[in-house]
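Dear colleague,

I am passing on the structure below, together with some notes on what turned up in it. Please read them with the model open beside you.

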Amino acid sequence: MSNETLSNLLHEERRFPPSEEFAAHAVAKADLYEQAQADRLGFWDEQARALSWAQPWTQTLDWTNPPFAKWFVGGTLNVAYNCVDRHVEAGNGDRVAIHFEGEPGDTRTLTYAELQREVSKAANALTALGVQAGDRVAIYLPMIPEAIVSMLACARIGAPHSVVFGGFSSSALRSRIEDADARVVITADGGYRRGAPAALKPAVDEAVDGLDAVRSVLVVRRTGQDVAWTDRDVWWHEALEAADDVHEAQPFDAEHPLFILYTSGTTGKPKGILHTSGGYLTQAAYTHRNVFDLRPERDVYWCTADIGWVTGHSYIVYGPLANGATQVIYEGTPDTPHRGRFWEIVQKYGVTQLYTAPTAIRTFMKWGDDIPAEFDLSSLRVLGSVGEPINPEAWVWYRRVIGGDRTPVVDTWWQTETGAMMISPLPGVTAAKPGSAQVALPGIGIDVLDDEGHPVPNGSGGYLVLTEPWPSMLRGIWGDDERYKETYWSRFKGMYFAGDGAKKDEDGDIWLLGRVDDVMNVSGHRLSTTEIESALVSHPKVAEAAVVGATDETTGQAVCAFVILRGDAGYDESQADAVIKELRDHVAHEIGPIAKPRQVMVVAELPKTRSGKIMRRLLRDVAENRQVGDVTTLADSTVMDLIKQGLSTGK
Ligand code: WT7
């Protein structure tokens, strides 16, 4: 983010205090901060007691072997029981858990009692396939109820799931299956995307080819399209039909692994972020209830994320279901079959809380106020934002046009690694500032440090850190303790380094400024520059590649790639368009369509320091059409002129 944007941000004077009426009935009260301040661990004990435990814990936090935390030591619980059965036992079996809206307009409703039967059948079916506690199960599904059922069935039998976003390619899926050593893969024939069935099963077939450790592939029939079949494939509906709809959930240790979720880091290899049970569920449920002002008996909550991302894990599956919420899930894209689809869904189900990403909000803004104006959005009470910094204009638009100038907007900062929200206003308590995530949630410790590790004063910027262990923190990187310590705990002693830049304003409120490492944020999705560079270099025509994230009005950042072609690629300018297309498609094939570069620029040289490090800062200047910055540390200071000349003449 440029300094100019930054100072504009910090001069944001608009304030939106909660209405008296909202504050009077709010779930979250201001005294949460004082309680947590007075006794942080006691505060988390109290939040954990909102769950049902088979065995109570004897110690809240064991931090004797940092950075490896244990929360609620000695406690046992079953996560799926907490998300499903206990609501049925409490007499809420008839409450709708899921209103499913398929992209083609088909719908399905599951009550908590129905969800209990489905999850029990799936748990029995997985057990029948030989899945035992501790075995990993990979899930590669569209946004259909079976995705939630699968995750809960895994949780129920203590088999950690590894959900892989359906937009990832077969090779990305394969490397995740291999890294987690998954025994079973759950997938579907396909899903609906932009008005047409999009196949999933062929990618799985390719991904598991030759992987003998994968014993079975469970296939949900969603689109009815033809699928190739092998001995290890099993139809989901046949496996579930054969299974009993009663399943006795066994409790597991609070630290039993619940899931692995892969995310991009600064190196080429995605990290398997490991989350466990008791602390994770405690914080997911607590934040979901307080930040969304949840009243499960009458609210209809909707998070538009995909379960392939952590937002889907914590705020579609675990948080809302642990709280007994009624929610909407939607399979498709916001513009299918028309640009009012989201608002049509809000109106149809009377959605009360909406949780979406700035990139979507900016797209809706671009489409114009007239579209949401055609629908009745008066049911909305709280609007949430997540995934990247939200610019004040988008924030104000969201509140005014979608929230009828009435609803609180909560900008929630967190990460795959944090498992649940960490920084956010509380609706009914915090006077909101558009563009700022503002304050640490009660029970969470944060700070902003300078290069030397000193807290910066108000009015200054630096690196965001988390100063205290928190219940839903990652417990490590799957199979790589060293990388866990090195990535998060070595930059500042005793503190978790988030990888984000942040600034404290004059009131001490936090403004997130984007990543400070080689991680890009495209439409709220985390992508690694190195990972895309490796994908490009794996193409036979490419000798070298450098990737940068350039500011983009809609997607936040966009992937821009600079490539040097091999001498023997036989390239001449007349083929530029074809080669560029080939390289963009290659990245989509290697990683997935979300990683496809917006631009590929063929260059003769890349700007490097004398020690050979690529100076991405200069490439970002080119990609953003700016005056190129200081080139004095380049090994060859004429390189940038060459690049700029080459691009302007199309070379
Ligand atoms: C990165 C984490 C949190 C779930 C979705 C993304 C950025 C996330 C915000 C926000 C500014 C944000 C950060 C963070 N980010 N939320 N409200 N304001 N930036 O999870 O893929 O693990 O990405 O997303 O840069 O480090 P993720």
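The shell around the ligand seemed the natural place to begin, and its residues divide into nine nonpolar, nine polar and five charged. Please keep in mind throughout that this is a predicted model. Of the 23 residues around the ligand, those that come nearest are Trp 413, Gln 415, Thr 416, Leu 512 and Arg 526. At least two residues of this shell are supplied by each of helix H12 (310-322), strand S20 (409-412), strand S24 (496-504) and strand S25 (510-515), and it is S24 that gives the most, with three residues.

S20 also belongs to an open sheet of seven strands, whose order is S5-S4-S17-S16-S18-S19-S20 and whose pairing is mixed. Strand S5 (107-111) and S20 stand at the edges of this sheet with a single partner strand each, so one side of each is left without a neighbour in the sheet. Neighbouring strands are turned against each other by 20° on average, with direction ignored. Within the sheet, strand S18 (residues 353-356) and strand S19 (residues 382-386) run parallel and are joined by four bridges; Tyr 355 has Gly 384, in S19, as its bridge partner.

Two helices can be placed against these strands. Helix H6 (residues 112-128) lies across strand S4 (96-101) and S5, and runs at about 90° to S5. Helix H13 (residues 341-349) packs on the sheet, where it touches S4, strand S17 (327-330) and S18, and its direction makes about 150° with that of S17. The loop between S17 and H13 holds Pro 337, which is joined to Thr 336 by a cis peptide bond with omega about -5°.

A second cis peptide bond runs from Pro 66 to Pro 67, with omega near 5°, and Pro 67 is found in the loop between strand S1 (59-62) and strand S2 (70-73). Strand S2 also contains Phe 72, which has a positive phi of about 55° although it is not a glycine. Both kinds of feature deserve a look, because most residues other than glycine have a negative phi, and most peptide bonds are trans.

Turning to the records, an unreviewed UniProt entry lists Arg 193, Arg 194, Gly 195, Ala 196, Thr 311 and Ser 523 under "binding site". These residues span 331 residues in sequence and their farthest two C-alpha atoms are 25.5 Å apart, so they do not all gather at one spot. Ala 196 lies in strand S10 (residues 196-199), which pairs with strand S9 (residues 190-193) in the antiparallel sense over four bridges, Gly 191 having Ala 198 of S10 as its bridge partner. The hairpin of S9 and S10 has two residues between the strands, and in it Arg 194 takes a positive phi near 50°.

The unreviewed UniProt entry also lists residues 531-613 as "domain: AMP-binding enzyme C-terminal". This span is 27% helix and 30% strand, and its end C-alpha atoms lie 16 Å apart. Helix H18 (residues 529-537) and helix H19 (residues 576-590) pack at an angle of about 115° with their axes 9 Å apart, in a crossing that is right-handed. Ile 532, Ala 535 and Leu 536 of H18 make the contact with Leu 583, His 586, Val 587 and Glu 590 of H19, and these residues divide into five nonpolar, one polar and one charged.

With best wishes

Definitions and conventions. Residues numbered from 1 in each chain as written. Predicted model: local features only at pLDDT ≥ 70, side-chain atom pairs only at ≥ 80, totals over all residues. Near = placed C-beta within 6 Å. Nonpolar A, V, L, I, M, F, W, Y, C, P; charged D, E, K, R; others polar. UniProt positions renumbered as here; feature names shortened; annotations may be inferred. Axes fitted to C-alpha atoms, helices over the stretch in contact; angles between N-to-C directions. Left-handed = near helix turned anticlockwise from the far one by under 90°. Contact = placed C-beta atoms within 7 Å. Pairing = 2+ DSSP bridges.
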